[in-house]
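Me: Could you take a close look at one part of this model for me? I'd like to hear about the aromatic rings and what surrounds them.

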Protein chains: 2
Amino acid sequence: MTSQAHDLLFRTLADPTRRAIFERLCRDGDQTVAALTAKAGVSQPAVSKHLGILKRAGLVRDRHEGRQTHYSAQRAALAPLVDWTRQMSGFWQARFDDLEDLLKRMDQ
Amino acid sequence: MTSQAHDLLFRTLADPTRRAIFERLCRDGDQTVAALTAKAGVSQPAVSKHLGILKRAGLVRDRHEGRQTHYSAQRAALAPLVDWTRQMSGFWQARFDDLEDLLKRMDQ
DNA sequence: ATAATCCATAACTGGCGGGCTATGGATGAG
DNA sequence: CTCATCCATAGCCCGCCAGTTATGGATTAT
């Protein structure tokens with residue numbers, strides 16, 4: 001896993017609004033842009049931009065359905081984060097390896 | 001764990017230079033500011049600022065020794081990150097609980 | 001056909017943050 | 001005592017990025 005990937009992930013998750021959108025998608029599943037905008041506290045274009053950035057980081061997928069776009073969380077994209085934490089900790093690799101395998105097979 | 005803590009952690013780790021400093025402290029242990037500056041690719045004041053931010057996030061500790069300041073990584077501060085990832089994933093809590101306990105008892 | 005809804009993009013703006021140089025206080029060396 | 005070294009802070013600058021409004025293409029409703 002390159003350090004670029006870590007950078008992209010960390011920078012993407014550093015913004016509170018964006019992280020909140022991702023959290024919501026993780027908690028409540030599939031959401032339209034309108035639904036996300038209703039709770040985001042920012043304008044619809046801002047939400048669209050955040051979704052674009054999340055998508056570039058692989059954290060979400062979009063699915064077009066008529067004039068709506070549904071977004072869903074891609075939890076597997078969190079794997080590099082777990083990997084990095086494991087490297088920084090330098091211990092208990094075994095436990096983390098289990099988790100990584102799970103995450104990597106979670107492309108739904 | 002408050003969402004403020006997550007925000008502080010993510011924002012602190014989002015910068016590549018800062019993350020590299022933390023990684024180095026994790027890998028190679030205790031370092032003086034001069035030693036860190038030598039490899040950081042930025043000026044000494046920049047390194048000092050990064051260390052200050054890392055310290056505010058609880059990720060490093062400083063120890064004064066004469067005119068030198070030694071910094072060391074506080075891996076336990078990564079616990080909220082693990083916690084957040086666990087929440088987003090919503091699975092395998094047991095495995096992560098083990099890790100969290102370990103991290104929280106690692107205040108050296 | 002017309003109007004309304006959904007979403008993405010463009011264009012602009014402002015603030016935040018990471019970089020720098022300059023400086024000074026504290027400590028160690030000669 | 002004087003000078004050099006280590007580090008932190010101050011002050012400044014500039015680029016990036018998250019926010020906004022405006023707009024338009026696509027789809028659905030009337």
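Reply: Let's start with a cluster: ring pairs tie F10(A), W84(A) and F22(B) together. Keep in mind that this is a predicted model. Over all chains, the count of aromatic pairs comes to four. Take F10(A) with W84(A): the ring centres sit 5.1 Å apart and the planes are at 75°, so this pair is edge-to-face, the label for planes over 60 degrees apart. In sequence, the partners are 74 residues apart, with F10(A) in helix α1 of chain A and W84(A) in helix α5 (residues 79–89) of chain A, so to speak distant parts of the chain that the pair links. Both F10(A) and W84(A) are buried.

Chain B has an aromatic pair at these positions too: F10(B) and W84(B) are edge-to-face, 5.0 Å centre to centre with 75° between the planes. Here F10(B) belongs to helix α1 (residues 3–14) of chain B and W84(B) to helix α5 (residues 79–89) of chain B, again 74 residues apart. F10(B) has a relative accessible area of 0%, so it's buried, and W84(B) counts as buried at 1%.

Back to the helix that carries F10(A). The axes of α1 (residues 3–14) and α2 (residues 16–28) of chain A come within 6 Å and cross at roughly 95°, which means α1(A) is roughly perpendicular to α2(A). On the α1(A) side, R11(A), T12(A), L13(A) and A14(A) make the contact, meeting P16(A), R18(A), R19(A) and F22(A) of α2(A). By class, that's four nonpolar, one polar and three charged residues.

Notes: Residues are numbered from 1 along each chain as its sequence is written. Chains are lettered from A and ligands numbered from 1 in the order in which they are written. This is a predicted model: local features need pLDDT of at least 70, side-chain atom pairs count only at pLDDT 80 or more; totals for chains, interfaces and linings use all residues. Side-chain values use heavy atoms; hydrogens and water are left out. Axes are lines fitted to C-alpha atoms, for helices over the stretch in contact, and angles run from 0 to 180 degrees between N-to-C directions. Helices (H or I, at least four residues) and strands (E, at least two) are DSSP runs, numbered from the N terminus. Angles under 35 degrees count as roughly parallel, over 145 as roughly antiparallel, 65 to 115 as roughly perpendicular and the rest as oblique. Contact means heavy atoms within 4.5 Å. Ala, Val, Leu, Ile, Met, Phe, Trp, Tyr, Cys and Pro count as nonpolar, Asp, Glu, Lys and Arg as charged, and the others, Gly among them, as polar. Rings of Phe, Tyr and Trp (its six-membered ring) pair if their centres lie within 6.5 Å; planes under 30 degrees apart count as stacked, over 60 as edge-to-face and the rest as tilted. Buried means under 20% relative accessible area, exposed over 50%, partly exposed in between (1.4 Å probe, protein chains only).
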